[in-house]
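Grab a coffee and open the viewer. Here are a few short exercises, each with a worked solution.

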Amino acid sequence: PQYQVYQPSAGRSFSDNWAFDSFDAAGRQPRLVSYYGWDPHDPQQKQATWVEVDINPLILKYGKIWGVDPLLIEIIIRHESNFNPTAVSPVGAMGLMQLMPETAAGLGVVDAFDVEQNIAGGTRYIAGQLERFNSVPLALAAYNAGPGAVLEYGGVPPYAETLYYVDTIYGAYLEGKRRREGR
C-alpha cells in the first residue's frame, strides 16, 4: 500500500473519533499516517522514504496560523481523502485536503502529496473562503464547487454533490463543537 492510517487504540474508527472535539490536548490521540515521502520533522532527510507522521500538530499549527478551527480542518480531511495522503480524485484533486493542481499552485504548494504542504495550503484556502463568505456552509460550498458557483447561485449551489458535502461536513462540525462545549 502507498499509505496506512493507524486506528486509535480504543478500536474506534477515525470517522467518529475527532481529535479536536475536545480542548484536552493531553487526551488527544495521535492521528498517524504513514506514506512514502518526506518527513516534515527531518530537515536533513536526503531522499524520500517511508515516513510516519502525526498530522494533529500540523492541523493545530496551520489552524492557528490561518484562524481556522482544527476540528473543521480534521473533518474536511476525513471527508476529502479519509486521511489518505496519496489520494487522487477522478478530477485530479490531490492529497489529504484534495487540492486541485491550479489551486495548489496558487497557494504555493509545490508538492500536494506532501502532508505539511497539503494541510498548509488547504487550510489557507478554507480560511480565505471563510473570510470571503463569513459563513461555514458557504465556505464549504466554495471549497467543493468553487467560489464562483457560490456567487452565481447566491448561496450553496444546487449540485447534489455540493449539497451532500456541505450537509455532511457542517453536520459533523456542529456535532463535534457540541461535544467540545459539553452540550
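**Exercise 1.** By class, how many nonpolar, polar and charged residues does the lining of the largest pocket have?

*Solution.* Keep in mind that this is a predicted model.
- Start with the pocket itself: its volume is about 480 Å³.
- Next, collect the lining, which comes to 21 residues.
- Sort them by class and you get 12 nonpolar, 7 polar and 2 charged residues.
- Now look towards the centre of the pocket: Glu80, Ala93, Tyr143, Asn144 and Glu161 are the lining residues nearest to it.

**Exercise 2.** Find which helices each supply at least two residues of that lining.

*Solution.*
- Lay out the chain: it has 7 helices and 3 strands, in the order β-β-β-α-α-α-α-α-α-α along the sequence.
- Then check the lining against the helices: helix 2 (70–81), helix 5 (136–145) and helix 7 (160–180) each give at least two residues.

**Exercise 3.** Why is helix 2 described as largely enclosed by the rest of the structure?

*Solution.*
- Take its dimensions: helix 2 has 12 residues and runs 16 Å from first C-alpha to last, close to the expected 16 Å.
- Apply the cut-off for buried, under 20% relative accessible area.
- Of the 12 residues in helix 2, 10 are buried, so the helix is largely enclosed by the rest of the structure.
- Among those buried residues are Pro70, Ile73, Glu74, Arg78 and Ser81.
- Finally, look for the packing partners: the buried residues of helix 2 pack against helix 1 (56–66), helix 4 (115–133), helix 5 and helix 7.
- For the whole chain, 47% of the 183 residues count as buried.

Key
Residues numbered from 1 in each chain as written. Predicted model: local features only at pLDDT ≥ 70, side-chain atom pairs only at ≥ 80, totals over all residues. Heavy atoms only, no water. 1 Å grid on protein atoms, 1.4 Å probe; cavity = no way out; pocket = protein on both sides within 12 Å on 5 of 7 lines; lining within 4 Å. Points joined across faces, edges and corners; volume = space filled by probe spheres on them. Helix = DSSP H or I, 4+ residues; strand = E, 2+ residues; numbered from the N terminus. Nonpolar A, V, L, I, M, F, W, Y, C, P; charged D, E, K, R; others polar. Buried < 20%, exposed > 50% of the residue type's maximum accessible area, 1.4 Å probe, protein only. Expected span 1.5 Å × (residues − 1). Contact = heavy atoms within 4.5 Å.
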